[in-house]
Amino acid sequence: MAADDQFYREYILDHYKNPRNFGRLENPDISHEELNPLCGDVIGMDLKLADGRIEDVRFHGRGCAISQASASLLTERIKGKTLAEAKEIGKEDVLEELGIEISAARIKCALLSLKVLKAGAYGLGDWPGEEEE
Amino acid sequence: MSTSTSSRYDVAAIRRDFPIFETGVAYLDSANTSQKPRQVVDAMTEYLTEYTSNIHRAAYAFAEKATERYEGARERVRRFINARSTKEVVYTKGTTEGINLVAYSWGRQHIGAGDLIVLTLLEHHSNIVPWQLLAAEKGARIEYVDIDEKGELRQDQFQALLERKPKLVAFGQVSNALGTINPIAEMTAAAKAAGATVLVDGAQGAPHAGIDVQAIGMDFYAFSGHKLCGPTGIGILYGRRELLEAMPPFLSGGDMIRAVSLQETTFNDLPWKFEAGTQAITEVIGLGAAVDYVTGIGMDAIRAHEREITEYAFEALSEVPGVTIFGPPPARRAGVISFALEGVHPHDLATIADREGVALRAGHHCAMPLMTRLGVPATARASFYLYTEKTEVDRLVQQLHEARRIFA
């Protein structure tokens, strides 16, 4: 049964099949897209800000269950947070939320959406970069 | 029941030459890199433990043995590809370096502003990027031959591009992403007739079908050792002697010189002019053993075995609901099957397969322009070689069903 699967757990599959906050926003305040060079998958994120908070967020693109579930979980996490709080989210937070053991080969899938968020939130010029995280 | 082909072709005996299969892995990623037989490992170990020495220099006996083995491997490769002379057989790090060598040494002399370079959509990035850099530097243009719905090159378009008198035409013998076998004899003849210089990327072709460079008549042919049962870090560039003679060196330094004074250098003869610095001697010796190994089995027998496995896998995969196979029918493809499973991303499929010891490639296969053309970011790819057996394909099929169950 899928529920017993240590990797493809029910909630991962659920976020993959029914991604939360999926789509695009009109006139977003921040919009950014990144490519996973390993597989060619793309994830983009649109943010709408109000009073310094993330009022609304949508992600788009396609990818594996891990990248899609991770993006879906991330959008849920940042909605209503300030941009400063979103910037504080680290790799460990994302991996912890996924709650599964991610191999080195799949880590870029899991962290692609965080990369999109960070690069978008900081603005490309100011982001210290994923290596600095 | 085994067929008449498989009863002559003893795949079980062949697999015993490959220590990795003792681990129980179903290895379906040979287009990425091949496994290595004991014979290759032993030849390299023997050099490393019994006669390590540099070549072309030392006077002692075991150094002579190293030189003999090093140059002996070159003669084996010459025979393998049927080059006229070992002067036409240059050691490189691999296919990529071979193509770069041509792009730098030949390309920078012969490609100018406005010149046309013709490539195809089936190319690996290694046969695209060096030409893009050259074209950007020289102001040359690149045009690509498209594929049809079967993943085969549009020959009508190729002919039309040849009428525009390209300076260089470069294409693969076999597509790494789709397995398409290109009609390289016809394409080379047509391109030569149009006055173009022709480079064939043999990375996926040489290990599976072999090559006769004189029969085909291309100007350059590059391939890698590691896909041919040999080690990584060694490859071959074949070039027609007149062209290689006229080309400036690629890398410079030791061993590629005849005499050096403070102001100038006389270069060594072919092929050593293109082999600067201490070479990958261990790997060359390994490549020599690999060529012995595959020719010992016979390229025709290898091709026949791969074809049988490919037909078997094609049929077995086709029967799995939701599977789409990209590329030509099995008779016109090498041992490569690129496919998609509906609702399951290739990466997830590879992860699921990996958990049961089935090694499968997922990704864009270093052919992003082709993936864009197919309208997919990535595919899953199973690829076969002389040691592949049907039970490995069966194990893959089981994992496709498992993936469907998980993602149902």
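**Exercise 1. Find the bridge partner of B:Phe339 in strand 15 of chain B, and then place that pair in its sheet.**

Solution. In this predicted model, the residue of strand 15 of chain B that is bridged to B:Phe339 is B:Ala380. The next step is to look at the two strands as a whole: strand 12 (residues 336–341) of chain B and strand 15 (residues 379–383) of chain B pair in the antiparallel sense, and four bridges hold the pairing. Widening the view, one finds an open sheet of four strands in chain B, whose order is 11-12-15-14 and whose pairing is antiparallel. Strand 11 (323–326) and strand 14 (361–363) of chain B stand at the edges with a single partner strand each, and therefore one side of each has no neighbour in the sheet. From one strand to the next, the twist averages 30 degrees. Finally, helix 14 (residues 346–355) of chain B lies across strand 12, strand 14 and strand 15 of chain B, and its direction makes an angle of about 160 degrees with strand 14 of chain B.

**Exercise 2. Describe the side of chain B that touches chain A, by elements and by class of residue.**

Solution. Begin with the counts, which are 13 residues of chain B in contact with 15 residues of chain A. On the side of chain B, the elements that give two or more residues are helix 14, strand 14 and helix 15 (368–374), and helix 14 of chain B gives the most, with three residues. Sorted by class, this side of chain B has seven nonpolar, five polar and one charged residues.

**Exercise 3. Work out which way the residues of strand 2 of chain B point, and whether they are buried or exposed.**

Solution. In a regular strand, side chains alternate between the two faces of the sheet. In strand 2 (residues 89–92) of chain B, B:Val89 and B:Tyr91 point one way while B:Val90 and B:Thr92 point the other way, and all are buried. Strand 2 of chain B runs antiparallel to strand 8 (residues 235–239) of chain B, to which four bridges join it, and B:Tyr91 has B:Ile236 as its bridge partner there.

**Exercise 4. Classify B:Ala209 by its C-beta neighbours, and name its contacts beyond four places in sequence.**

Solution. B:Ala209 belongs to helix 9 (residues 206–209) of chain B. It has 18 C-beta neighbours inside 10 Å, and so B:Ala209 counts as partly exposed, since a buried residue needs 20 or more. Leaving aside neighbours within four places in sequence, B:Ala209 is in contact with B:Met299, B:Arg303 and B:Ala334. Although B:Ala209 and B:Ala334 are 125 residues apart in sequence, their C-alpha atoms are 8.5 Å apart in space.

Technical notes: Residues are numbered from 1 along each chain as its sequence is written. Chains are lettered from A and ligands numbered from 1 in the order in which they are written. This is a predicted model: local features need pLDDT of at least 70, side-chain atom pairs count only at pLDDT 80 or more; totals for chains, interfaces and linings use all residues. Two strands pair if DSSP finds at least two bridges between them. Axes are lines fitted to C-alpha atoms, for helices over the stretch in contact, and angles run from 0 to 180 degrees between N-to-C directions. Two residues are in contact if their C-beta atoms, placed from the backbone, lie within 7 Å. Ala, Val, Leu, Ile, Met, Phe, Trp, Tyr, Cys and Pro count as nonpolar, Asp, Glu, Lys and Arg as charged, and the others, Gly among them, as polar. A residue is buried if 20 or more other C-beta atoms lie within 10 Å of its own, exposed if 12 or fewer, and partly exposed in between; C-beta atoms are placed from the backbone.
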